[in-house]
Structure formats: structure tokens, C-alpha cells
Amino acid sequence: MSNGPRYRFAPSPTGFFHVGGARTALYNWALTLREGGTFVLRIEDTDESRNQPQWTQGIIDALAWLGIDKSHPQFEGPYFQSENAAAHVEAAMSLYAEGRAYFCDLTPDQVQERAKASGKPGYDGFSRDRGLEPGPGRVLRFRVPEGETIVRDLVRGEVRFDNATIEDFVLLRGNGSPMFLLANVVDDRIMRITHVVRAEEHLPNTPKQQMLWEALGAAAPTWAHVPVLVNEQRKKLSKRRDKVAVEQYREEGILADAMVNYLMTLGWAPSGDTEIVPWQRIVDEFRLEDVNHSPAFFDIQKLLAFNGEYIRAMAVEEFVQCCQPILAGPQVPWHPQQFDKEKFVAMAELVQTRVQVLADVPAMIDFLFVDTPVVDEAAWTKATKDSWARDVLVEMAEACEVCNDWSAANLKTILERITESRQLKLGKTQAPVRVAVTGRSVGPPLFESLEVLGRESTISRLRAAIARL
RNA sequence: GCCCCCAUCGUCUAGUGGCCUAGGACACCACCCUUUCAAGGUGGCGGCACGGGUUCGAAUCCCGUUGGGGGUGCCA
């Protein structure tokens, strides 16, 4: 086991893996790798009933997709916070024994009433000196000391909190179960965590946790609070309104490398003029001290642009390989039996520069694998509105029938001849042919498409289009 | 309300007192290339929130204002 720093990543199990969590995980992971430390995964929930096995597995799978594999020697865990409940209670009771915590029998409603009456928000320390014994319904509260708590944060510097503004917070609930704040600190201590890198939303909790560390007689870990990810309204990304599940991006064919690279450029940038950099470069250069202080907009457009770059950078064989899951998936518009991998391979290189996500691929080649392509009516109308369109189709069909060299180059020559005889441009005359054969006005280069489609299908589709006119 | 954080092109960022006439990327626009669409190439548009200091000199340091965000649970 490594003696280096121990970074903990502590997501709560929610049934999906948040992109914000993914970025935090990546920060921890990059640091772990460079510092020769350990990445400690702890599933964060004091309530065991919420630790659904499939959710935990989902987090582990998502992490693995991002390159944070649990079989890696620097990966440790997962641990489950709920399994340490006894230690949490024990720590709380030791605080009680030392007078650093006390019991209180006020109900939440009573606390609120008192706050309202006094005009000051929060718990007012009512039971501080009442000497209450433990008992059912009584919560254990931490006795916040006077003075000031200074949080030293790697990204934000020193953040000062006046302890007078921090209420005596609850450690143990009325039913005796530990609160997350406490559980967190105790677990971090047990796991010998040295660095806590998490989202900024936890910053206001940090002085409380730091006081707890001190009360428990230990030095707090190094803190680092990274800015949150926001939507176009500049609000924290939320499951309800925003697309935040990394699983969803994975399914749509965002490449893991692109996602990782993009996520790392939110709040931080590699040196030089290009943001597309290999992971190793990120590991070498990433520093928490360089992370931006302000929230970053999760821009799907830019993610897609990154993804397009990563797709184009792949070798064709690799691209073909990556497309397998999508092409064999349930979303494809053709019958699985009609799919012909050879045809796809023949088109792959042309498809590669035309997609931003793998999910775009099927629509690019569907005309090859269906009996009759679905016709885009707007495209049909536009492509066939000129009087010469029908004649071009007729001539093309006839030429195809007698053609003895079914190659893209020759097919191009054929249509060029038809085009020239009418003093038109190929850009014009290819349109009706394209729509007749593929159903669309845009797509991969036409003649290569015809070559791969084959003579019979091409002719029959041209004939069908002529008939329709 | 109270506490905390933040503020460079539309967006993500570079910038740590003179190299800034503020650099790059995404998006957008134009042109080139071109069988459509992409890709690629070239160029363009566009920013230091505001007001005071400090300094010979400020995007950079200080104060204030404004504007955003987060936290204020017997949730995590």
C-alpha cells in the first residue's frame, strides 16, 4: 500500500452519476496518480436503506468508464459510510463525556419557535448548560467554542468563519443515529484521509467539520473546494432540469476520453494553446492551486466539439470498433438481420468526419440497411422541384443499368456527363439522386454511397422516385 | 434575514504590477476548398461589471457598490 496522500471521493448513491461528481473524481484521481497516493472511494450515506447495490455498482461502472478502475493498485474501496455507525456513535459519546457536546430535548418545531421569538435564526443553545442525560428523542449537539475558525483551502486560500455565526449543530439524532457531518469526519479519520477535494457547496460545512476534527484530537485534512458546475441559468446543475448523468452521455456515444478531457477544462486549463490534451499531460500539469474560483457552465456544445475531435482522431478500425454497441443497439432504424458490417466498414471513414457523437452514426448509413428509405418530404420537394430533376433521374437509372464499372469514380463520371449536357452543376443534379436513394438531402458523399449500396438497390430506388414523380 | 464564495469575449479559459494594442478554445459570421453535409484552411466579430484608492505604471493589489452563486435540516 502507498504511503502517499490519501484522496477520498465520496459520492452519495443517487441512482446515477453526476457530471459534477465525475469532475471531482477526476481531480482526485489525477492528483492520486501524480502524487503516488491512494484514491479512496466511499459511498456516502448514513442511511443504509439508500445504499442500493445497483447504485453502488453504477458509480463503480461510471468511474471505470472514466478510467478510474477499481482494480488499479492506487484505488481503494468502496467503503460504506453506513457500516461505521458504531464508530460514529462512539466518537460522539466521547465528545459528550468530555463536555464538548450536550444533549437537547427540543423538537425541531420548538427550535424554530424559539428562533422566531428571539429573531435570530438557528438553534440558540438552549440546552447548553441544562446537563441533560442521554435519552430517547434527545439529540446530541456539538458545543461550538468561541472564537474563529480558519479553513485553509487549497483553491480558496484562508476562509474565516466567526464561530458565533455557527449554531450548536446536531451530531446524533433523537433515535441515536449519527448525522453525516460527524460520520464524515470519523470515517475520514479511520481511513486516514489526508485530502478532501469536493464541491464548493460543502464549504459552509467545513468549519464545523474542522472543529470536530480538533475536538476529536486530530489535525484536519487539507481542504480543497472546487467550484460547482452550472446550467445556462447559472444555477447548480440539477437532476430535474439538467442532463447530468454521465451514463446518458456514455450511451449516446460520447467517448470517455472526450468527456474526461472536457470535464478537466472546466475550471482549469492545460498549458499552451490547445485544450485537447492526453490524460497523462493532465496528470502532469493539474494543480488544485490553479483551479478557477468561479462556477463553470457545463456546455454540451463544447463537449460535442471535443467529442468530434476525438472521433476524428481515431484510426478507422478503432472507430468501427467503437460503433459496434450503437449499431447493435435497440435504437437502430433497421432490422438487425439486414445490417451488413462490410458495408459499414466501407463507409466508416466517410462517416467519421461527419458525426459528433456515435449516436449520430445510424442515421448516416441507415439507407444501406432498409428496403425503402424513409423520405424527408421537405428534402424531396426541394430536390425535385426543378423540371430537369425527373430527366436526370431517368437518365441516371438508364446509365446505371448498362454500366459495367460500378465504382464511385465511374458513377461520378456518369452523373457528370448527364450534368454537363444540361449545363448544370453537379451540386445541383446530385440532389434528386441523393434524395431518391437515401431519402435525405445531406449525408455521406453520394457516389461512394451508391457504390456500397449496390446496383440493384440504386436502380430500384431511382425507378421508385421516377414513378412517384 | 444571516454566513460564505465568486466576478476577463455569448461560453470555457490564459493572465499572479510593466512582455496586454488582453492570448487560445467552443459557438457565430465571411471567404477558400468542394458532388450535399461535414472535415480542413484563412480571416472576422467579441471581454477585463462599476466607482474609488495604492503605484511612475493595474485585468492583476486594497476598499466600496452592483450583480451572480452556494449554505443556512433530527438531508447528504
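**The surface around RNA strand B and the elements that build it**

Six elements each contribute at least two residues to the surface near RNA strand B: strand S5 (139–142), strand S7 (157–162), strand S12 (296–297), helix H10 (300–313), helix H17 (426–438) and helix H18 (446–453). The model described here is predicted. Its confidence scores are a helpful place to begin: chain A has an average pLDDT of 95, and 100% of the residues score at least 70. For the model as a whole, ipTM is 0.96 and pTM is 0.95.

With those scores in hand, the surroundings of the RNA can be described. RNA strand B is surrounded by 63 residues, and the closest are Arg 173, Arg 234, Lys 235, Gly 267 and Asp 273. Sorted by class, this surface holds 23 nonpolar, 19 polar and 21 charged residues. Which parts of the RNA face the protein, sugar or phosphate, or bases? Among the atoms of RNA strand B within 4 Å of the protein, 71% belong to sugar or phosphate, while the rest belong to bases.

Individual side chains illustrate contacts with each of these parts. At a sugar or linking oxygen of RNA strand B, a polar side-chain atom of Glu 200 is found at 2.8 Å. The side chain of Asn 205 places an N or O atom 3.0 Å from a base nitrogen of the strand. Arg 312 does the same kind of thing with a phosphate: an N or O atom of its side chain is 3.3 Å from a phosphate oxygen of RNA strand B.

Strand S5, one of the elements lining the RNA, also takes part in a sheet. This sheet is open, has three strands in the order S4-S5-S8, and pairs them in the antiparallel sense. Strand S4 (101–104) and strand S8 (170–172) are at the edges with a single partner strand each, so each has one side without a neighbour in the sheet. On average, neighbouring strands here are turned by 45 degrees against each other, direction ignored. Four bridges link S4 and S5 in their antiparallel pairing, and Cys 104 has Val 139 in S5 as its bridge partner. Helix H3 (residues 85–97) lies across S4, S5 and S8, and runs at about 100 degrees to S4.

Strand S7 likewise supplies residues to the RNA surface. Its antiparallel partner is strand S6 (residues 148–153), joined to S7 by six bridges. Within this pair, Thr 149 stands opposite Phe 161 of S7. Three residues make the hairpin connection from S6 to S7.

A few points of backbone geometry complete the picture. Most residues other than glycine have a negative phi, and most peptide bonds are trans. Arg 234, one of the residues closest to RNA strand B, has a positive phi near 65 degrees. This arginine is placed in the loop between strand S11 (229–230) and helix H7 (246–251). Gln 423 also has a positive phi, near 55 degrees, and sits in the loop between helix H16 (408–420) and H17. Helix H17 is itself one of the elements that supply residues to the RNA surface. As for peptide bonds, the one from Gly 77 to Pro 78 is cis, with omega near 5 degrees. Pro 78 belongs to strand S3 (residues 75–80).

Note on methods. Residues numbered from 1 in each chain as written. Chains lettered and ligands numbered in written order. Predicted model: local features only at pLDDT ≥ 70, side-chain atom pairs only at ≥ 80, totals over all residues. Heavy atoms only, no water. Near = heavy atom within 4 Å. Polar contact = N/O pair within 3.5 Å; in protein donor to acceptor, adjacent residues only side chain to side chain. Nonpolar A, V, L, I, M, F, W, Y, C, P; charged D, E, K, R; others polar. Pairing = 2+ DSSP bridges. Axes fitted to C-alpha atoms, helices over the stretch in contact; angles between N-to-C directions. Contact = heavy atoms within 4.5 Å. pLDDT = per-residue confidence, 0-100.
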